[in-house]
Amino acid sequence: MKLPSCLEKQLCCYIAGDDPPKGDFPLRKKSPKLCGSNYPLSIAFIVVNEFCERFSYYGMRAVLTLYFLSFFHWDENLSTAVYHAFSALCYFTPVIGAIMADSWLGKYKTIIYLSIVYVVGHLIKSVGAIPSLGNQAVHVVLSMVGLFLIALGTGGIKPCVSAFGGDQFEEEHTSERSKFFSIFYLSINAGSLISTFVTPVLRGDVKCFGEDCYALAFGVPAALMVLALVVFIAGSGLYRKTPPQGNVLLEVCKCIGFAIKNRLKNRSREIPKRDHWLDWASEKYSKQLIGEVKMVTRVLFLFIPLPMFWALFDQQGSRWTLQATKMNADFGIYVLQPDQMQFLNPLLILVFIPIFDLGLYPLIDMCKFNFTPIRKMATGMILAGLAFGLAAIIEIKINETDMPRLVPEESLIRVLNLAKNPVQVTIQEKDLFQQPVETFQNPAEYSKLILNGEQQSLRFTLQHQGLTLAFNYTVKEKSVYSLIVFEAEGSLSSRLITDLEAKPENGLAAVRFINGLSQDVNLTIDSRKFIAVQKNYSPSEYSLLERDIYNNGKCITETGEFPLELGLLDFGASYTIVITNISGGAVKTWKSEDIKANNVHMAWQLPQYLLISAGEVMFSITGLAFSYSQSPASMKSVLQAGWLLTVAVGNTFVLIVAEAAPMAQWAEFVLFTVLLFAVCIIFSIMGYFYVSVDPEDLEEKEEKRETSSRGNMIGLVTQKTKL
């Protein structure tokens with residue numbers, strides 16, 4: 001679950017808690033109440049809208065990484081980079097939405113217009129996931145356009161919906177408004193929790209166009225966003241709508257820019273220094289604004305190390321999901337999809353918040369330990385770092401079942417002896433296969449074959465029952481081979497066939513067949529998979545299948561139709577199945593596991609989800625509450641923008657690492673762990689020297705300081721500015 005799902009309640013409370021703009025508002029009106037209470041009827045439409053919108057966003061994003069990997073066939077690094085580029089854009093665009101709402105359209109119209117953009121983006125994204133519509137270039141263009149519009153829509157309305165909900169309450173109903181934000185927060189988490197569990201099921205368990213149904217997985221969130229827009233418009237006549245009052249974020253940026261520019265123009269030593277660099281904006285901006293900007297910059301300085309936390313946190317939807325594809329997802333009564341593990345985060349957040357607020361924090365207080373907000377945030381960073389340390393350990397265990405990484409002038413080879421007696425295999429100038437290969441012996445592992453170039457012609461010698469036969473085969477570097485030895489027409493023969501070089505993606509099982517019969521066969525594995533295999537030990541191509549027990553297949557030959565039982569084809573495994581004979585009215589087969597199945601269970605990801613979710617509660621909620629307590633009420637929207645930008649910067653850092661510095665996955669996890677621990681130390685030092693203040697007290701001090709420094713405002717370069 002992303003930052004808004006955990007923190008939007010905090011964001012909403014502070015935004016809506018700002019002092020209402022002064023003046024006459026002809027558009028504000030009293031809304032009908034819910035069942036005689038003080039709750040406006042209009043909030044029901046806003047809460048339903050928020051649930052549908054969050055379902056739409058998180059449901060679409062849950063399957064996004066696997067969509068890039070499986071549908072576009074991008075590698076893991078590119079898939080991760082694009083995923084985090086999209087996430088970063090979603091947290092840059094709230095600034096655009098805030099400016100539109102406060103300076104131009106107002107909250108209501110901004111929500112309507114950007115929701116339409118949002119819906120169009122979802123529809124384009126869903127259409128782009130239809131396999132039969134154009135080639136891959138068309139799919140990529142449609143998907144990227146759709147994602148851009150979605151990012152603009154979801155980011156643009158993010159700062160508006162919660163504040164618009166707060167606007168519906170009259171000033172005297174503060175307790176009802178506070179409870180509204182609790183309901184609003186619940187709707188966010190409910191949408192996130194349900195969608196991250198449901199949409200992976202729509203993707204993986206439903207098949208359309210002969211493969212995973214990404215069109216449906218994106219189409220359902222699109223339908224929910226359409227419903228969100230319809231519900232919001234349906235309540236139009238009930239809303240209290242405030243006109244735009246000007247954007248304080250723009251004023252802050254202009255004030256800072258003017259101060260810097262003015263200071264650079266007045267660098268003469270004859271000009272007296274000022275107490276603070278922002279005091280150089282006093283020629284144009286009020287003392288109150290300058291004082292408030294000073295308070296905000298103190299807090300924003302503490303935000304500098306924060307993006308590293310989000311760099312780790314947001315990898316739940318990318319690197320951790322990719323890790324889950326290489327694990328065993330069988331929980332006995334249910335087989336989880338790898339992208340379903342993300343639902344643990346919103347679930348754990350809902351569990352942890354009351355536990356921390358009502359249990360852990362009071363217990364720490366009873367122990368007389370001063371658990372300050374800075375210490376809570378640092379603890380959250382440590383927990384996130386530990387989560388990635390566990391992820392690195394799990395990744396190392398997962399790699400034990402991977403195929404060895406091939407290097408130039410190196411290949412892998414094994415021998416499958418399908419003859420009736422043991423065979424001694426010798427390869428020219430190579431010291432391999434010292435012992436005879438037994439009949440139908442399942443090789444424990446591949447042997448490394450060193451070549452003298454990119455490819456090499458090698459002589460293979462077979463010794464069988466006193467006879468010696470030789471065969472020449474060309475072997476290429478960075479390839480994996482099986483030498484099949486079999487009897488044909490009373491003599492020994494062989495074939496050199498190419499094997500898979502890596503595990504099947506997304507937890508699928510790969511299977512191929514070798515037909516040891518003297519007649520061609522047609523195989524039906526399930527209702528959707530048909531394979532034709534020629535006679536005399538000819539191999540078929542690999543087929544990718546979902547993990548399952550396949551005992552209802554059929555083998556059709558010239559003499560009839562026979563049942564075919566393959567047994568369990570497990571997660572991430574590769575199999576070679578040899579059809580040996582037909583007896584007793586059934587096909588007899590021999591199954592060899594070429595690549596081992598995933599043997600690390602997905603449940604081992606639970607500890608890292610526990611740690612990072614606990615870290616989110618301690619870091620995120622505490623951080624926003626603390627930073628907002630250190631700033632004046634009029635600057636809360638500026639701090640919200642700064643906080644959201646830390647998420648964007650964190651995602652940007654991940655995409656840079658994924659593309660610019662590719663490395664083994666376990667090493668990347670260790671890198672992020674070390675970086676977060678280092679940042680945690682820096683943040684702790686910054687927090688140690690930070691002095692907490694009451695914004696009201698600081699405003700009084702600023703006024704006194706400004707009064708005492710008036711006499712120093714002499715000898716300045718004349719500035720041509722409009723007051």
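Which residue in β12 is the bridge partner of aspartate 526? In the predicted model examined here, that partner is lysine 529. The two residues belong to a pairing between strand β11, residues 521–526, and strand β12, residues 529–533. These strands run antiparallel and are joined by five bridges. Strand β11 is also joined to strand β16, residues 553–557, by three bridges, and this pair likewise runs antiparallel. Within the β11–β16 pairing, threonine 524 has lysine 554 of β16 as its bridge partner.

Lysine 554 also takes part in a side-chain contact. A salt bridge is formed between lysine 554 and glutamate 561, with the closest N and O atoms 3.6 Å apart. Lysine 554 has a relative accessibility of 39% and is therefore classed as partly exposed.

In total, 15 salt bridges are present in the structure. Side chains of opposite charge can pair when their charged atoms come close. One such bridge is found between the side chains of arginine 203 and aspartate 339, at an N to O distance of 2.9 Å. Arginine 203 is located in helix α8 (residues 174–204), whereas aspartate 339 is located in the loop between α13 (319–324) and α14, so the bridge ties together parts of the chain that are 136 residues apart in sequence. Arginine 203 has a relative accessible area of 4% and is buried. Aspartate 339 is buried as well, with a relative accessibility of 0%. Both residues belong to a network of salt bridges that links Arg203, Lys207, Asp212, Asp339 and Glu546.

A further salt bridge is formed by the side chains of arginine 547 and aspartate 330, with 3.0 Å from N to O. This pair also links distant parts of the chain, its members being 217 residues apart. Arginine 547 lies in the loop between β14 (543–545) and β15 (548–550), and aspartate 330 in the loop between α13 and α14. At 22% relative accessibility, arginine 547 is partly exposed. Aspartate 330, at 23%, is also partly exposed.

Another approach between separated positions involves lysine 107, a residue of helix α6 (residues 107–128). The C-alpha atoms of lysine 107 and alanine 163 are 8.1 Å apart in space, while the two residues are separated by 56 residues in sequence. Lysine 107 counts as buried because its relative accessibility, 17%, falls under the 20% limit.

On the surface, Lys254, Lys261, Lys265 and Lys284 form a positive patch. Lysine 254 is placed in helix α10, which spans residues 248–265. The relative accessible area of lysine 254 is 48%, and the residue is accordingly partly exposed.

Backbone geometry was also examined. Most residues other than glycine have a negative phi. Histidine 73 is not a glycine, yet its phi is positive, at about 60 degrees. Histidine 73 occupies the loop between α3 (64–71) and α4 (76–92), and is exposed, with a relative accessible area of 61%. Lysine 368, also not a glycine, has a positive phi of about 60 degrees. This lysine is situated in the loop between α14 (344–366) and α15 (373–399). With a relative accessibility of 76%, lysine 368 is exposed.

Definitions and conventions
Residues numbered from 1 in each chain as written. Predicted model: local features only at pLDDT ≥ 70, side-chain atom pairs only at ≥ 80, totals over all residues. Heavy atoms only, no water. Patch = residues over 30% accessible without salt bridge, like charges linked within 9 Å, V, L, I, M, F, W, Y side chains within 5 Å. Areas by Shrake-Rupley, 256 points an atom, 1.4 Å probe, with all protein chains shown as cover. Salt bridge = Lys/Arg side-chain N within 4 Å of Asp/Glu carboxyl O. Lys, Arg positive; Asp, Glu negative; His and termini not counted. Charge placed at Lys NZ, Arg CZ, Asp CG, Glu CD. Helix = DSSP H or I, 4+ residues; strand = E, 2+ residues; numbered from the N terminus. Buried < 20%, exposed > 50% of the residue type's maximum accessible area, 1.4 Å probe, protein only. Pairing = 2+ DSSP bridges.
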